[in-house]
Amino acid sequence: LRAARPGAIVSAVGINGSEQSQWSRWRNDWMQDLEPGQPDLIAIAYGTNEAFSRSLDESLIKADLESGIDRLRRHFPHAAILILGASESLVAQGGHCGVRAPELDAVQRIQKEVASNRKTLFWDWQQAMGGACSMKRWISRGLGRADGVHFSAAGYVQLGDDLYEGLVAL
């Protein structure tokens, strides 16, 4: 239900470790969980797990993302959709930059392409971190975790603030 005062309701639908392709394996009516809030904005945050694949099917990743956006638009025609681009992610910390997830570039490229083609908002998570080769700096500053994938609470707060500022600027 809509509140009388402005604000945000955050409702996370999904599971850590999920991939966009799993939407079709969840129960068919899961989007009804979002209906009571009548969302103005729906953010899709997938791609990092896909980037760790050693045999990424780019056409399938693209089709899954496009299909997900189309389903959301049918169910929530008045909501804006925001794709959160996959963050800088490492499989190892060796070398100057670390070793990036093997398919990260491909996933990020697909996300940007789909956002443009499907007329959705796009937030470049990696750019918010400082671009490619930024995760090791985040780890050294205590903003990223040693696994090279996740962030500390302070890191998530900083990223959340950056995302908020970007949305307000719209």
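Strand 1 and strand 2 run parallel and are joined by 4 bridges. The model in which this pairing occurs is predicted. Among the bridge partners across the two strands, Leu 41 is matched with Ala 80 of strand 2, Ile 42 with Ile 81, and Ile 44 with Ile 83. On its other side, strand 2 pairs with strand 5, again in the parallel sense, over 3 bridges. Within this second pairing, Leu 82 stands opposite Leu 121 of strand 5.

Together these strands form an open sheet of 3 strands in the order 1-2-5, with parallel pairing. Strand 1 (41–44) and strand 5 (121–123) are the edge strands, each of them pairing on one side only. The average turn between neighbouring strands of the sheet is 25°, direction ignored. Helix 2 packs on this sheet and touches both strand 1 and strand 2, its direction making about 155° with that of strand 2.

Burial was examined along the paired strands. In a regular strand the side chains alternate between the two faces of the sheet. Strand 1 has one covered face, made up of Ile 42 and Ile 44, and one uncovered face, made up of Leu 41 and Ala 43. Strand 2 is mostly covered, with 4 of its 5 residues buried. Ala 80 lies in strand 2, which spans residues 80–84. The relative accessible area of Ala 80 is 32%, so this residue is partly exposed, because the buried class requires a value under 20% and the exposed class one over 50%. When neighbours within four places in sequence are left aside, the contacts of Ala 80 are Asp 40, Leu 41, Ile 42 and Leu 121. One of these, Leu 41, is also the bridge partner of Ala 80. Another, Leu 121, is 41 residues from Ala 80 in sequence, with a C-alpha to C-alpha distance of 7.5 Å.

Helix packing was considered next. Two packed helices are described by the angle between their axes and the distance between the axes. For helix 2 (residues 58–75) and helix 3 (residues 104–117), the packing angle is about 40° and the axes are 10 Å apart. The crossing of helix 2 past helix 3 is right-handed. Helix 2 contributes Glu 58, Ile 61, Lys 62, Leu 65, Glu 66 and Ile 69 to the contact, while helix 3 contributes Ala 106, Arg 109, Ile 110, Gln 111, Glu 113, Val 114 and Asn 117. By class, the residues of this contact comprise 6 nonpolar, 2 polar and 5 charged. Helix 2 thus faces two partners in the model, being packed against helix 3 and also on the sheet, where strand 1 and strand 2 are touched.

The structure holds 1 disulfide. This link joins Cys 97 to Cys 133, with an S to S distance of 1.8 Å. The angle about the S-S bond is -90°, and the link is left-handed. The two cysteines belong to distant parts of the chain, 36 residues apart: Cys 97 is in the loop between strand 3 (90–92) and strand 4 (99–100), and Cys 133 is in the loop between helix 4 (125–129) and helix 5 (135–140). The accessibility class of the two residues was also assigned. Cys 97 has a relative accessibility of 24% and therefore counts as partly exposed, whereas Cys 133, at 16%, counts as buried. The cut-off that separates these two classes is 20% relative accessible area.

Over the whole chain there are 6 helices and 5 strands. From the N terminus on, the order of elements is β-α-α-β-β-β-α-β-α-α-α. Of the 170 residues in the chain, 38% are buried. Among contacts with a separation of 6 or more, 67% are accounted for by residues 24 or more positions apart.

Definitions and conventions:
Residues numbered from 1 in each chain as written. Predicted model: local features only at pLDDT ≥ 70, side-chain atom pairs only at ≥ 80, totals over all residues. Heavy atoms only, no water. Buried < 20%, exposed > 50% of the residue type's maximum accessible area, 1.4 Å probe, protein only. Contact = heavy atoms within 4.5 Å. Axes fitted to C-alpha atoms, helices over the stretch in contact; angles between N-to-C directions. Left-handed = near helix turned anticlockwise from the far one by under 90°. Nonpolar A, V, L, I, M, F, W, Y, C, P; charged D, E, K, R; others polar. Pairing = 2+ DSSP bridges. Disulfide = S-S within 2.5 Å.
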